[in-house]
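Student: I have a structure open and a list of terms I only half trust. Can we test them against the numbers?

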Amino acid sequence: MFDFQENVPLKNYTSLKIGGPAEFFYQPTNIEQLKTAIVWAKLHSHKITLLGGGTNTLVSDEGVKGLVICMRKFAGIESKLENENLRITALAGTPKSLLLKEFLKYKLAPAEFLAGLPGDVAGGVVMNAGIGEVTIRPREFCEIVDWVEVLRDGQLVVLQKKDLEFTYRKSKGWQPGIITRAGFTWPNLEDVQVVERVKNLNRARLTKQPLELPNAGSVFINPPGYKSGKLIEECGLKGYRIGDAMISEKHANFIVNVGHAKATDVLQLIKHTQDTVLEMKGVSLHPEWILLGF
Ligand SMILES: Cc1cc2nc3c(=O)[nH]c(=O)nc-3n(C[C@H](O)[C@H](O)[C@H](O)COP(=O)(O)OP(=O)(O)OC[C@H]3O[C@@H](n4cnc5c(N)ncnc54)[C@H](O)[C@@H]3O)c2cc1C
């Protein structure tokens with residue numbers, strides 16, 4: 001037996017502040033608890049859904065059936081210098097901000113793209129999180145991840161970077177399974193400018209992104225050769241609203257929750273945006289977000 005909760009509102013666990021209840025909800029703090037939860041779910045034929053920081057997910061108004069495992073308490077990080085490299089090991093639910101701090105301690109380049117990136121380490125691996133600025137290197141998780149540990153069929157398996165099949169805002173080689181830890185390596189080449197650049201990048205996010213309102217980051221991936229935000233803005237959709245879901249006035253590739261938006265409002269707004277951009281610009285937009293419970 002383990003200490004799960006029932007009917008837990010997932011809006012409290014997503015950055016959009018939207019989503020109905022998890023039928024069963026559990027936050028493991030260690031591998032034994034995680035294994036116990038999986039065995040219990042399998043025994044009762046419950047589907048398992050993983051949640052990290054919930055910063056890239058839209059949860060259905062009806063919630064999620066089965067067991068939702070939230071990994072936020074499965075956190076911890078350590079680093080060491082080895083053969084002129086910084087090696088970091090982080091548990092899946094470690095906030096990316098702590099990963100940033102480790103790189104920043106040594107004034108290393110990966111701190112830059114991690115500046116202001118929300119969510120957990122495992123979510124970063126799953127989504128191959130990163131930034132678009134081509135002048136910044138590294139700028140995606142796939143450039144700093146060395147290995148990933150996955151709980152698969154009750155066993156811990158270590159996969160190397162080459163096995164993870166990273167593409168733009170996606171990775172899939174870790175499936176099936178649950179990411180439990182990740183290892184990162186970067187040459188220990190101190191750059192004193194990094195601290196100032198991290199400050200500037202944080203400031204830029206505050207100016208450009210609607211961080212004052214609940215959101216889940218960029219809604220659409222950038223189609224090759226285009227910027228989704230620019231396309232949406234050029235179609236005059238900034239401020240367009242369905243229910244309490246609105247295309248941000250600040251950044252057109254963000255949908256913000258201006259009150260009590262429902263997932264259905266957001267989905268309608270996504271559809272309206274896709275239809276409008278296709279009609280006016282001839283370009284198909286594809287969502288970056290993960291939909292849970294639909
Ligand atoms: C204000 C804001 C700004 C953002 N800016 C950026 C940006 O610049 N670049 C960018 O790439 N993204 C950005 N995002 C999106 C988001 O922060 C990233 O995609 C992030 O990496 C998601 O991490 P998470 O922990 O929140 O994942 P979640 O949203 O919780 O989950 C994402 C997916 O990972 C799965 N998952 C989570 N944990 C595990 C695990 N342990 N094992 C297996 N599967 C798991 C979930 O089931 C889900 O499918 C932004 C979001 C916000 C709100």
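Tutor: What follows is a run through those terms, one at a time. Keep in mind that this is a predicted model.

Student: Let's start with burial. Why is T273 called buried or exposed?

Tutor: Its relative accessible area is 1%. Buried means under 20%. The value falls under that cut-off, so T273 is buried.

Student: Where does T273 sit, and what does it touch?

Tutor: T273 is in helix 7, which covers residues 263–281. Setting aside neighbours within four places in sequence, T273 is in contact with F220, I232, L237, I247 and L285.

Student: What makes those five residues contacts of T273?

Tutor: Contact means heavy atoms within 4.5 Å. F220, I232, L237, I247 and L285 meet that rule with T273.

Student: Now T57. Why does T57 get its label, buried or exposed?

Tutor: T57 has a relative accessible area of 11%. The limit for buried is under 20%. Therefore T57 counts as buried.

Student: Which element holds T57, and which residues does T57 touch?

Tutor: T57 belongs to strand 4, residues 57–59. Not counting residues up to four places away in sequence, T57 touches T14, L16, L51, A216, I290 and L292.

Student: How do you know that the side chain of T57 makes a polar contact with G54?

Tutor: The side chain of T57 reaches the backbone oxygen of G54 at 3.4 Å. A polar contact needs a pair of N or O atoms within 3.5 Å. The distance passes.

Student: On to charges. Why is the pair K271 and D275 called a salt bridge?

Tutor: Their side chains meet at 2.8 Å, N to O. The cut-off is within 4 Å, so the pair qualifies. Side chains of opposite charge can pair when their charged atoms come close.

Student: How are K271 and D275 placed in helix 7?

Tutor: They are four residues apart, about one turn of the helix.

Student: What makes K271 and D275 partly exposed?

Tutor: K271 has a relative accessible area of 45%, and D275 has 37%. Buried is under 20% and exposed is over 50%. Both values lie in between, so both residues are partly exposed.

Student: Which residues are joined into one network by salt bridges that share partners?

Tutor: K80, E82, R87 and D146.

Student: How do you know that E143 and R137 make a salt bridge?

Tutor: The distance is 3.6 Å, N to O. That is within 4 Å, so the pair counts. E143 itself is partly exposed, at 23%.

Student: And what is the distance for R197 and D191?

Tutor: That salt bridge is 2.7 Å, N to O. R197 is partly exposed at 30%, and D191 is partly exposed at 26%.

Student: How many salt bridges does the structure hold?

Tutor: It holds 16. The count between domain 1 and domain 3 is zero.

Student: What, then, do domain 1 and domain 3 share?

Tutor: Eleven residues of domain 1 are in contact with 13 residues of domain 3. The two domains bury about 870 Å² between them, 58% of it on carbon and sulfur atoms. On the domain 1 side, L16, N56 and D61 lose the most area, together 50% of what that side buries. Five residue pairs are in polar contact across the interface.

Student: Where do these domains run along the chain?

Tutor: Domain 1 is 5–70, domain 2 is 77–195 and domain 3 is 211–288.

Definitions and conventions: Residues are numbered from 1 along each chain as its sequence is written. This is a predicted model: local features need pLDDT of at least 70, side-chain atom pairs count only at pLDDT 80 or more; totals for chains, interfaces and linings use all residues. Side-chain values use heavy atoms; hydrogens and water are left out. Domain bounds come from an automatic or database domain assignment. Buried area is the accessible area (1.4 Å probe) that two parts lose on being put together, summed over both. A polar contact is a pair of N or O atoms within 3.5 Å; within protein, one must be able to donate a hydrogen and the other to accept it, and residues adjacent in sequence count only if both atoms are side-chain atoms. Helices (H or I, at least four residues) and strands (E, at least two) are DSSP runs, numbered from the N terminus. Buried means under 20% relative accessible area, exposed over 50%, partly exposed in between (1.4 Å probe, protein chains only).
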